[in-house]
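This report describes the overall form of one protein chain and then turns to selected local features. Please consult the sequence and the model shown below while reading.

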Amino acid sequence: MASLPLPDDPTLGPLAELLEREGLTAEVWDAQWRLVYLTSDYLLSSGASVASAIESLGLPAYGEAAAVLRASWPASATQASWEDVIRRLLPAIAHDLPGGAEAMRPVLTPALGRDLDGVTARPAAPFFVEHGEIKFGRRATPFISLCIRITDPAGDFAGTVSIVMPSLSGSTLSLLGTGDHRSLERLVGLARPERRPGAVLFVDLEASTPLSRRLSSPAYFQLVRRLLTCIDDEIVDRGGLVGKHVGDGATGFFLAEQLGGESPAARACLETARAIRDSTLGIAARSNLEPAEVVVRFGLHWGASLYVGRLLTSGRAEVTALGDEVNEAARIEACATGGRALASKPLIEQLVPDDAAALGIDPVSLRFTALADIDDAPAKARRDAPALAVCDV
């Protein structure tokens with residue numbers, strides 16, 4: 001995403017550049033409380049376009065025009081929340097403006113007109129915290145803004161920086177921190193659902209029902225947690241996106257746009273399946289099981305017309321992919337009994353010679369089998385994708 005032009009001010013310009021470089025969600029106001037910069041991360045989190053953000057530059061924080069423009073962004077402070085913040089800042093703004101409180105009145109948000117009457121000007125603290133709510137669709141989420149007053153080398157007031165972050169407890173932040181930030185950053189790029197070609201991986205623990213009956217519930221839970229952790233780690237390490245967890249199975253998506261092309265995406269999918277399979281020996285050992293008791297099967301497919309986007313609800317954030325190829329990948333995985341990894345012909349044919357050689361695959365010599373011709377293919381595979389050709393990888 002393109003970033004806004006840096007402020008011309010010799011103090012605020014380098015500061016805005018630092019905020020941008022550090023990837024902070026921040027806004028910068030000049031000495032007269034006019035907006036002069038929004039970081040790229042702020043634009044992403046608010047859903048504001050660069051054009052709309054540029055239109056907001058130069059607008060007073062306390063003005064009606066700024067309030068109307070912000071209200072048009074998909075995610076921004078609620079109107080009531082924004083008014084409360086400005087209401088608390090009125091004494092400081094009145095102190096900083098050359099014309100005092102009356103200089104605000106011509107452009108002030110009408111709802112704050114009465115609050116301006118009788119305001120006593122006083123400087124803001126060098127560092128202060130503001131609280132508010134940000135609307136995301138029909139929901140509002142608490143946020144805090146760490147506000148820092150900036151002075152120039154001569155000691156004169158130059159402006160204010162506001163760094164915005166969710167209002168979360170330390171324990172909640174530590175929980176979020178246990179996840180892999182690379183996966184979350186890839187989700188950011190999926191804000192707009194659209195067609196995105198890529199490889200699809202389905203992974204499932206075979207014979208899980210009898211295994212769950214033999215093991216105690218805590219022991220089986222530990223096994224599944226170890227397996228899913230391994231699956232997720234291998235997917236993320238190779239540039240993929242973790243899809244849904246269903247019981248003791250999971251899905252992964254390797255998008256061509258995020259991995260630099262169709263062949264790298266197909267190669268990453270194949271490498272991930274092999275890495276997960278290699279890890280099952282260690283998972284079995286840590287779970288006090290024999291290797292033959294932890295058997296994982298894989299279905300690998302190419303989705304030329306995947307419709308991919310992120311799904312955010314009040315309880316989770318995940319990537320969702322729709323399309324016939326997703327269902328077909330599930331059918332391939334169901335046919336991969338005995339711990340096999342079955343890859344579709346469309347997936348194999350995405351590989352360029354160098355990637356195929358790196359995987360030890362000779363596409364020319366491979367022989368494929370239609371799902372309908374696999375002896376123990378489930379009825380759903382025979383019904384939904386009988387002609388889909390696959391091979392062991």
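Among contacts in the protein chain between residues at least 6 apart in sequence, what percentage join residues at least 24 apart? The share is 63%, where contact means heavy atoms within 4.5 Å.

The model is predicted: local features need pLDDT of at least 70 and side-chain atom pairs count only at pLDDT 80 or more, whereas totals for chains, interfaces and linings use all residues. Residues are numbered from 1 along each chain as its sequence is written, and side-chain values use heavy atoms, with hydrogens and water left out.

**Overall form**

The protein chain has 16 helices and 16 strands; these are DSSP runs numbered from the N terminus, with helices (H or I) of at least four residues and strands (E) of at least two. Its radius of gyration is 27 Å, well over the 21 Å that the globule rule gives for 393 residues, so the protein chain is more spread out than a compact globule. That radius is taken over C-alpha atoms, and the rule is 2.2 Å times the number of residues to the power 0.38. The C-alpha trace spans about 85 × 45 × 40 Å along its principal axes.

Of the 393 residues in the protein chain, 47% are buried (under 20% relative accessible area, with exposed over 50% and partly exposed in between; 1.4 Å probe, protein chains only). The accessible surface comes to about 19,000 Å², and 55% of this belongs to carbon and sulfur atoms; the areas come from the Shrake-Rupley method with a 1.4 Å probe.

**Local features**

Helix H13 covers residues 324–335, and its 12 residues should span 16 Å at 1.5 Å a residue; the end C-alpha atoms are 17 Å apart, which agrees. The expected span is 1.5 Å times one less than the number of residues. Among the buried residues of H13 are the charged-type side chains Glu325, Arg331 and Glu333, together with Val326 and Ile332.

Ser76 is found in strand E3 (residues 75–77) and counts as buried at 5% relative accessibility. Leaving aside residues up to four places away in sequence, Ser76 touches Arg70, Ala71, Glu133, Ile134 and Lys135.

Two loop residues other than glycine have a positive phi, as tabulated here.

| Residue | Phi | Loop between |
|---|---|---|
| Trp33 | near 60 degrees | strand E1 (26–30) and strand E2 (35–38) |
| Ala207 | near 55 degrees | strand E8 (198–205) and helix H9 (208–214) |

Trp33 is also buried, with a relative accessible area of 2%.
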